[in-house]
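Thanks, everyone, for making the time this morning. I would like to take you through one chain, beginning with its overall make-up and then moving on to a few places in it.

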Amino acid sequence: MMIGKSRMGLRALAGVAAASLLLAAGCSSSTTSSPAAGGSAASSAPAEAMTMTFLPKNLGNAYFDTSYKGVQAAAGVLGATVTQVGPAKGDDPAGQVSYINTATQQQVSALLVSANDKSAICDALKEAMTAGVKVVTFDSDTNPECRDLFINQATAEGIAKVQVDIITSEIGDSGEIAILSASANATNQNAWIDMMKKELAASHPNVKLVDTVYGNDDDQTSYDKTSALLQSHPNLKGIISPTTVGIAAAARYLSKSEYKGKVMLTGLGTPNQMRDYVKDGTVTEFALWNPQDLGTLATYAAAALVQGKITGAEGDKFTAGDLGEFTVGADKTVLLGEPYKFNKDNIDNFNF
Ligand code: RAM
């Protein structure tokens, strides 16, 4: 299966980490660029005036660092200035609210945000929109009335199904499984977990989901929750972790434990964080999309809103650089593509 629309392909995935941009955990970072010659910068607004704030769930998360590379590259083409800010932890909506308020005071053109909570940051986002800031959620959405657009990495159904397909096939479609999630209020995680429950009920009657635990996208918490899951459920046959932080921590725990190769693990991971565990037999297969493309798409969408090329209405079309043309769908949502499966046969083709 190719990732997303065919034009994206593996070309866009390979070499993602080629950019030599350094992002230290806990730090914010910014860049300013002029439009590239012949680039797709718009003419309807002065490009130099466009400013964006990038607000991930948390800093120091490789997934969002990769998204930010896409944001910075697109901002360079568009002549926008972008600044990254964010809380240290992925379960801190209050921390996100303070950064949203700052962006509103600064009158930035656009705010790109992955929400730690679908409603707790809503009032702040509405104030931002009232002040003229275009609000684009990506990765993890808010309630629809709190943003201008949501850039969705893949459908919740598709993301849920790929993980359920992998784990059920690995455990012979029978037995106990558990989920290690990020934070309990993360919109994206909860949508995927709901869909996984539906998919299990509809197609896998002999597989029982016995527990869902939360590692808060913190490495140590996720590691400890993995250990606790295995203690509490001695018959556990598999774990799904739909978070890049969670699956990497769970794999690290399993790889050093008696459960390695016995308790199956899949979920959503980055190839660079999972490579060793695929090679040492801890993990056979996992899934993701291209986080850099997600950042690229969010940035072009934000620019199209700022420049008045689109309003976010269903059917609006815009171009996202090399990713091509996208159309706004229902509920002011733009879809990047489909999830992609990584295993020992293809993992070395990717570098992010
Ligand atoms: C983590 C975050 C993010 C999610 C990925 C798969 O990095 O929880 O929101 O989309 O995993």
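When I speak of helices and strands, I mean DSSP runs, of at least four residues for a helix and at least two for a strand, numbered from the N terminus. In those terms the chain, which I should say at once is a predicted model, has nine helices and 15 strands. Of its 352 residues, 54% count as buried, and among contacts between residues at least 6 apart in sequence, 76% join residues at least 24 apart.

Let me turn to the interior. The largest nonpolar core has 105 residues, and those with the most contacts inside it are Leu111, Leu112, Ile151, Leu297 and Ala301. Helix H9, residues 291-306, gives the most to this core, with 10 residues. Because domain 1 (10-154 + 290-337) and domain 2 (156-288) both contribute residues to the core, it lies between them.

If we look at leucine 111 and set aside residues up to four places away in sequence, leucine 111 touches Thr53, Leu55, Ile100, Ala103, Ala128, Val133 and Val135.

Valine 113 sits in strand E4, and it counts as buried because it has 30 C-beta neighbours inside 10 Å, where 20 would be enough. Leaving out neighbours within four places in sequence, valine 113 is in contact with Leu55, Gln96 and Thr137. The C-alpha atoms of valine 113 and lysine 57 are separated by 7.6 Å, although these two residues are 56 apart along the chain.

Next, helix H3, residues 122-130, whose buried residues are Ala124, Leu125 and Ala128. They cover an arc of only 100 degrees around the axis, and therefore lie on the same side of H3. As a reminder, an α-helix has 3.6 residues a turn, so residues three or four places apart point the same way. The buried residues of H3 pack against helix H2 (93-105), strand E4 (110-113) and strand E5 (134-138), whereas the face turned away from that buried side carries the exposed residues Asp123 and Thr130. After H3 comes glycine 132, with a positive phi near 100 degrees.

Finally, which way do the side chains of strand E15, residues 340-343, point? They alternate, with Tyr340 and Phe342 on one face and buried, while Lys341 and Asn343 point to the other face and are not buried. Strand E11, residues 285-288, runs antiparallel to E15 and is joined to it by four bridges, with glutamate 285 standing opposite asparagine 343.

Technical notes: Residues are numbered from 1 along each chain as its sequence is written. This is a predicted model: local features need pLDDT of at least 70, side-chain atom pairs count only at pLDDT 80 or more; totals for chains, interfaces and linings use all residues. A residue is buried if 20 or more other C-beta atoms lie within 10 Å of its own, exposed if 12 or fewer, and partly exposed in between; C-beta atoms are placed from the backbone. Two strands pair if DSSP finds at least two bridges between them. The arc is that of the directions from the helix axis to the C-beta atoms. Two residues are in contact if their C-beta atoms, placed from the backbone, lie within 7 Å. A nonpolar core is a set of buried Ala, Val, Leu, Ile, Met, Phe, Trp, Tyr and Cys residues joined through C-beta atoms within 7 Å. Domain bounds come from an automatic or database domain assignment.
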